[in-house]
Amino acid sequence: MNKKFRPIIFLVLIGFFIYAFNFANPLFWDDDEWIKGNVFVHDFSYLKEIFTQNVEAGFGLTSNYYRPLLLLSFAFNYVFGAENPFSYHLLSNGLHITNGILVFILLSRFLSQRASFIASVLFLIHPAQTEAVTYISGRGDPMSVFFMLLAIWLFIKSLNIEIFKSRYIFKFLSLISVILAILSRETAILFPLLLMIFYISFLSKEKLIPVLKKSFIVSLPFWAVSIFYFILRLTVFNFENTLNFFSQPTPYSENLSFRLFTFGSALVEYFKILFVPVGLHMERSLLVNTSFFQWPVYLAAIIVLGILYLVFHFYKREKIWFFSWSWFFAALAPVSGIIPINAIIYEHWLYLPMIGFAALAGFYIDRLFSFLKSKNLVVSYKLLVVSLIIYFSFFAVQSIRRNIIWGNPVKFYEDILKYSPSSVRIMTNLGNLYSARGDLARAEDLFKRAIENPESGIFAQPHYNLGNLFRDTGRIDEAIEQYKKAIETDPNFPFAYQNLAVLLINKKQDLVSGIEILEKLKEVQPGNPRVYYNLGLLYLATNNPELAVQNLELGFNFAKGRDSETEKAIAEVLSKIK
């Protein structure tokens, strides 16, 4: 076997082995809104909607996410396997393994093969990566990174080809790959900055200022793409408030200094995860820091200043320092708090920054091997090999454990509550699972605990889910009360309107109130044909044929070509009326 392919074969084998433990893991959490209940991904007839609406529109919700290529990958999985998890995990795992190979291929052009191999293994097996790979809705990370790494590879190819036409073909393909990366996950908008970092670090030997200018010039087409996409997000694809992901103002969302101080705490936590990845879990909670002098904000500042000093100190001799830390912090920039996103820390946000960290680790581990070999320190050399095997085996075992726990949603949520006992989302999700398996007492307790939490003021789901539990157990008045509270908490949450209208109409025989609720729902979901259909029937039942026909005709237009079942039902009612 060619020696060049041995590292790649090993990467494939180790990646497949670690992530083979997730093949049977079910779809859950955001997979419900993004896949299982999202009609846009259930066949290929919704391509227009996928590319013009937000990710959750097919579920009846509005979100800030616009990731059409990610949804298209889900549609591919759903069409050929419905909700069978195997194909979803096979594709996500394959993207991650391919990314590990691309990291090796790119780094090995500029670092030693051993350093590149160690870096790619670290990137591949680090347990923090499981949150982006095993979580199906997290596929946007490995998918966008795949296209970004491919774009860098194509860009390098364009520089090394003498044929003029071929050079521009590769640059064009690189540009297309970046567009695909952005359509997979929004953070790829930073690709031009990452390309500049790569160019300065590995593709030029000029001094900093000249190479900075040159790197900007060669990356101009990519900046144009990113700026154009940013304008689209502010206009055509501005589904909500793009520059503020909070539905209600908070001290964190309203103060840039608070967000940056809090990022200091998150940064210290990220370093803990990188070096000692234990206690991994989603939905981490960190206190909002309001002062530079709070612990560990000033520790993070000391760490960053130390890194900056070393980057400038080693710049001329070891550009790996510049590459690694510039890449790491540039990739973390979108989640640093500059833009107020509605979370402070997630493990999967390390997926792209991990490349910079892994490259530096691989470089110095390789240098240590070379030093020990040059001094003929055989025992120390062997001890380093054994230590590295043990350390990386620990990473692999932790990744396997995370893959296994992702396969049991109840245990997964229960594990998170050990670390974040006040998480409203986790209590709500776990309550749903308890309710589904008939453990109604524990479900009700969790929903009530979630509602009593001070943070529940922005979440309609606990009220909605408790209302469903009350409805299913015959406690109709209590259910109606909870649905009303859900609407009061979030007037744009459509499902509470639907269930409230059904109870008022069927159980209370209150058609007028049912009409009022559905009219409000029509404002929330102006393109939902089923709302117009139900309103048409109610107006007929209350002897208002003009409004009935008006709503039915509007509903028919919305259903045409999109919802054949509702289209047929409306057509039958209209034909009887006419």
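Start by selecting W29, which, once its neighbours within four places in sequence are set aside, is in contact (heavy atoms within 4.5 Å) with Y135, M282, E283, F412, Y413, I416, R425, I426 and N429. This is a predicted model, in which local features need pLDDT of at least 70, side-chain atom pairs count only at pLDDT 80 or more, and totals for chains, interfaces and linings use all residues. Residues are numbered from 1 along each chain as its sequence is written, and side-chain values use heavy atoms, with hydrogens and water left out.

Next, add I35, Y270, I320, F323, W327 and F328 to the selection, since together with W29 they have the most contacts inside the largest nonpolar core, which has 171 residues. Such a core is a set of buried Ala, Val, Leu, Ile, Met, Phe, Trp, Tyr and Cys residues joined through side-chain atoms within 4.5 Å, where buried means under 20% relative accessible area with a 1.4 Å probe, protein chains only. Apart from this core lies another, of five residues, among them V549, I570, V573 and L574.

Now show the whole protein chain as a cartoon, where you will find 28 helices and zero strands, helices being DSSP runs of H or I of at least four residues and strands runs of E of at least two. The radius of gyration, taken over C-alpha atoms, is 27 Å, close to the 25 Å from the globule rule (2.2 Å times the number of residues to the power 0.38), so the chain is as compact as a globular protein of 578 residues.

Finally, colour the chain by burial: buried residues make up 51% of its 578 residues.

Conventions:
Buried means under 20% relative accessible area, exposed over 50%, partly exposed in between (1.4 Å probe, protein chains only).
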